[in-house]
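User: Could you take a close look at one part of this model for me? I'd like to hear about the salt bridges and how they sit in the fold.

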Amino acid sequence: MPLPTLDPVIELINKKNPVHGKALDQHIRRCSPEFLAFADSYLAGYMRFLQARNLDREFAVDSYLMVVDDTVREQVWFKRNGRYRYSNFKEVYDKVYSRPDYMMRYMVGLALTQFLWPNHQDIFSFFKAKIRESRGGSYLEIGPGHGLFLLEAVKFGQFDTYTAADVSQTSIDLCRAILDYEFPQHNRGVDFILGDIHHQELGKTYDFVTAGEVLEHIEEPETFMNLVFGLLRPHGQAFVSTCVNAPAIDHIHLFSHTDEIKKVVRGSGFSIRDELELPYAGKTLEEAIKKKLAINYCALLEKV
C-alpha cells in the first residue's frame, strides 16, 4: 500500500543508518495495514507541524536516529552491568531535561517512535480509546513530553479543564506549540506547570490523570503512584504506561517484571480496569522476561 509520508522517512533512515533502516523496514513490512494507515496519517500531521516550525524531515529523522543510537548504547551498558546507567533524577535532569537543544531533538525522536514502533503505537491506540470513553471533568497530565497524548486528550477527552506539568521547559514549549498549531484560535486553555509534581501545591483534585512513561524516570515509583492516587477524585481514572528491562538515557528505575509494576499500582490503592503487556517483538512475555528484553506496559486504573 502507498505510504506517502512513511515511505520517505524510512528511506531517509535507510540512507543514514542502513543497519537500523533494514531492521525497521523488515519490521514495518510485518505490520498490519491498519497500523500502516494509522502511522502514515498521524506522521503526516506531525510532519506538517514540524514544517510549520521550520523543522524538516531530515531534522526529524536525525532526531529519531539520535534516540536509536542513545538507546543502543544504553542497551549494551545494561547487558554488561545488569542495571541502568543512572540511578537518580539529578543525573538525568542535568544530562537530558535541562538541555534545550538536546531535549528538543529527544522529544521529536520519541514522537517518531509512536509511528514507527508497533508497541508504542499500541499504547497510543489504547490511550486514544480510553480517553474517548472518559467521563469528562478535569484532566491532569504529568510529563506530557512531546505532547501527542496531551493533544489527543484535548481533542477527544471532553474535559472541562486541562492541566499539564513537566520538569522541562522545552517540553512545555513544544506542547504549547502543537496545541497552538492544531487550535490556532484557542488552545483549549491548558494550564501548564513547570516543575516536579512532587513539589507543587495544586490545590485541587482531578477526574483523570495521565502519567505516560514516567515511572521509569523517577527514583521512587511507589511515592509517585501514591501522589497520583491522592490527586484523583473518588472513582477517578488514571492512564499509566512504563516499561520493563528497557534501558534509555533517562531511565533510572528498573522494573524486571510486569508483576512489579502491578504491585506498585495496587499498593497505592488502584484497581486495574484494563491493561496491555507488550513484549519485545517476536517474543512471548515469558521469553522476554527470561532474556531481559524490553516489555512495554500500560493500564487504565481507577481509584476505588
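Analyst: Lys130 is buried in this predicted model: its relative accessible area is 14%, and buried means under 20%. Its side chain meets that of Asp274 in a salt bridge, 2.9 Å from N to O. The two come from distant parts of the chain, with Lys130 in helix α7 (residues 118-132) and Asp274 in strand β6 (residues 270-279), 144 residues apart. Asp274, at 31% relative accessibility, counts as partly exposed.

Happily, there is more to look at, since the whole structure holds 13 salt bridges. One of them joins Lys16 and Asp62, whose closest N and O atoms are 3.1 Å apart. Lys16 belongs to helix α1 (residues 6-16) and Asp62 to helix α4 (residues 57-81), so this pair ties together parts 46 residues apart in sequence. Lys16 is partly exposed at 34% relative accessibility, and Asp62 is partly exposed at 36%.

Glu182 and Lys155 form another salt bridge, at 3.5 Å from N to O. Here helix α9 (residues 169-182) supplies Glu182 and helix α8 supplies Lys155, so the pair ties together parts 27 residues apart in sequence. Glu182 is partly exposed at 29% relative accessibility, as is Lys155 at 31%. Coming back to Lys16, salt bridges with shared partners join Lys16, Glu58 and Asp62 into one network.

Helix α8 (148-156) also has a neighbour worth a glance: Gly147 sits in the loop between β1 (137-142) and α8. Gly147 is buried, at 1% relative accessible area. Beyond its neighbours within four places in sequence, Gly147 contacts Cys175 and Ile178.

Note on methods:
Residues are numbered from 1 along each chain as its sequence is written. This is a predicted model: local features need pLDDT of at least 70, side-chain atom pairs count only at pLDDT 80 or more; totals for chains, interfaces and linings use all residues. Side-chain values use heavy atoms; hydrogens and water are left out. Helices (H or I, at least four residues) and strands (E, at least two) are DSSP runs, numbered from the N terminus. Buried means under 20% relative accessible area, exposed over 50%, partly exposed in between (1.4 Å probe, protein chains only). Contact means heavy atoms within 4.5 Å. A salt bridge is a side-chain nitrogen of Lys or Arg within 4 Å of a carboxyl oxygen of Asp or Glu.
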